[in-house]
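Please take a moment to look over the sequence and the model before reading on. The paragraphs below are meant to be read with both in view.

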Amino acid sequence: MVLRELELRHFRNLGVQELHFPPEGVAVIGDNAQGKTNLLEAIYYLESFRSFRGAGDGELAAFSEDVFYLRGSVEGDRPARVSAGYDRKRKKKKVSVDGTDAVRIAGALGRLGAVVFSPSDVELVSGGPRARRRFLDILLSLNRKGYVEALAGYRKALAQRNAALKANAGAAAVVAWDRGLVEQGARVTHLRHEWATTWSSPFATYCTAISGCDPVAMTYRPNLGNARGGSRAGAEAFGADEGLVRERFEVRLAETRETDAQRGVTTVGPHRDELHLTISSQGRSLPARTFGSGGQRRTAALALRLAEAATIRRERGTEPILLLDDAFAELDEGRSRQVMELLAGEGAGQVVLTAPKESDARLRGPSLERWRIREGVVEA
């Protein structure tokens, strides 16, 4: 996939511009706080219709404007014109593909095939389980048919069940939501587990290739262990069979019914699952989040993004657009070189990278056209 045109209207500090991208990509050079990351955020918004920085839609329009609008033209196996806008006053988002408004935003997701590499990705490893669940939810929503619908259904059932628990509405009102919770939750857990199982070996290989050291291991742990004297050991196996997940989920809901009523929240389910990243030390597997060095955590974060790019290749049959937001700023020269070689070896597609100075634009070196950005204005 290749992004050829990008129209910007009042997104962050980028003003009103229309940019035309070369097929191989560009290196955008500029000082900090000039809008480099905003530009990548705008591109990725047309992939996922959300900010990769976690900002709400209402925060994305320029300070003096109530509406932002983006339009991108993509060439490749699935050419498309994708547009998105948001009205802050009306709190309304509008998305269209090839001039046709999307009745459901889920149907317009993933038209660019873009992956963002950012220094903040280290939080995928250093942060809590929620950061890794969010990573999986975005990746699978964009790449696995039916996932976004299952996740939305699960979240709706979970919210209703929790509301019944908080209102002390009684067992019947709570149990009424269990079937939807189990059916949709089992699908979410199974697809997450399937992805982690498929990519655990490539992920470890990426880690070793980047750092030259022992790999970081990746496993998915469903929140399905036995609360009554049992252990969570081996819980990873539950996710392999969707029918087994449903059975275990029903059992766990029954086991925790009293606890849920006391706490006023649902204490089991995929909203408590964990994508577990571990390092080996003296024969033990330890959480990379707390025991990994800074280099190991950054390596694992890069490996997750490489696995995401590889997922796009496998699921969509196309080379992803790589958005590199000063991604190698905190890496030593050796790790940077290894990542570049991995990207090149797997056939990296179009690249849009940002850097504060010319010498930092290392990926693909002179082959990328150089653009400058100052106070949000891009000079091609």
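What follows is a walk through the sheets, the helices and a few individual residues.

The model shown here is a predicted one, and a convenient place to begin is an open sheet of six strands, whose order is β8-β12-β13-β3-β14-β15 and whose pairing is mixed. At the edges of this sheet stand β8 and β15, the latter covering residues 377-379, and each of them pairs on one side only. Between neighbouring strands of the sheet there is an average turn of 20°, when direction is ignored. Within this arrangement, strand β3, made of residues 25-29, and strand β13, made of residues 351-355, pair in the parallel sense over five bridges, and Val-26 is found opposite Val-352 of β13.

Helix α1 packs on this six-stranded sheet and touches β3, β8, β12 (321-325), β13, β14 (369-374) and β15, while its direction makes about 150° with that of β12. The helix, which spans residues 36-48, has 13 residues and reaches 19 Å from its first C-alpha to its last, a length close to the 18 Å expected at 1.5 Å a residue. How much of α1 is covered? The helix is mostly covered, since 13 of its 13 residues are buried. Just after α1 comes Phe-49, which takes a positive phi of about 60°. Another helix, α10 (residues 294-316), lies across β8 and β12 and runs at about 175° to β8.

The next sheet is also open, and it consists of three strands in the order β9-β10-β11, with antiparallel pairing. Because β9 (217-221) and β11 stand at the edges with a single partner strand each, one side of each is left without a neighbour in the sheet. Neighbouring strands are turned here by 45° against each other on average, again with direction ignored. Helix α6, which covers residues 178-211, packs on this sheet by touching β9 and β10, and its direction makes about 170° with that of β9.

Part of this three-stranded sheet can be followed residue by residue. Strand β10 (residues 274-281) and strand β11 (residues 284-287) run antiparallel and are joined by four bridges, with Ser-280 standing opposite Ser-285 in β11. The hairpin that these strands form has two residues between the strands, and in it Gln-282 takes a positive phi near 55°.

From the sheets we can turn to a pair of helices. Two packed helices are described by the angle between their axes and the distance between the axes. The axes of helix α3 (residues 129-143) and helix α4 (residues 147-166) come within 7 Å and cross at roughly 135°, and α3 and α4 are therefore oblique to each other. On the side of α3 the contact is made by Asp-137, Leu-140 and Ser-141, and on the side of α4 by Tyr-147, Val-148, Leu-151 and Arg-155. Sorted by character, the residues of the contact of α3 with α4 divide into four nonpolar, one polar and two charged.

Several single residues in loops complete the walk. Leu-109 lies in the loop between β7 (100-101) and β8 (114-117). Is Leu-109 buried or exposed? Because its relative accessibility is 17%, and buried means under 20%, Leu-109 counts as buried. When its neighbours within four places in sequence are left aside, Leu-109 is in contact with Glu-47, Ser-48, Phe-49, Ser-141, Leu-142 and Val-148. Leu-109 and Phe-11, for their part, are 98 residues apart in sequence and 19 Å apart in space, from C-alpha to C-alpha.

Two further loop residues may be read side by side. Arg-12 is placed in the loop between β1 (2-9) and β2 (16-20), and its phi is near 50°, a positive value in a residue other than glycine. With a relative accessibility of 22%, Arg-12 counts as partly exposed. Asn-168, in turn, lies in the loop between α4 and α5 (171-175), and it has a positive phi of about 55° although it is not a glycine. The relative accessible area of Asn-168 is 67%, and because exposed means over 50%, Asn-168 is exposed.

How values were computed
Residues numbered from 1 in each chain as written. Predicted model: local features only at pLDDT ≥ 70, side-chain atom pairs only at ≥ 80, totals over all residues. Heavy atoms only, no water. Axes fitted to C-alpha atoms, helices over the stretch in contact; angles between N-to-C directions. Parallel < 35°, antiparallel > 145°, perpendicular 65-115°, else oblique. Contact = heavy atoms within 4.5 Å. Nonpolar A, V, L, I, M, F, W, Y, C, P; charged D, E, K, R; others polar. Expected span 1.5 Å × (residues − 1). Buried < 20%, exposed > 50% of the residue type's maximum accessible area, 1.4 Å probe, protein only. Pairing = 2+ DSSP bridges.
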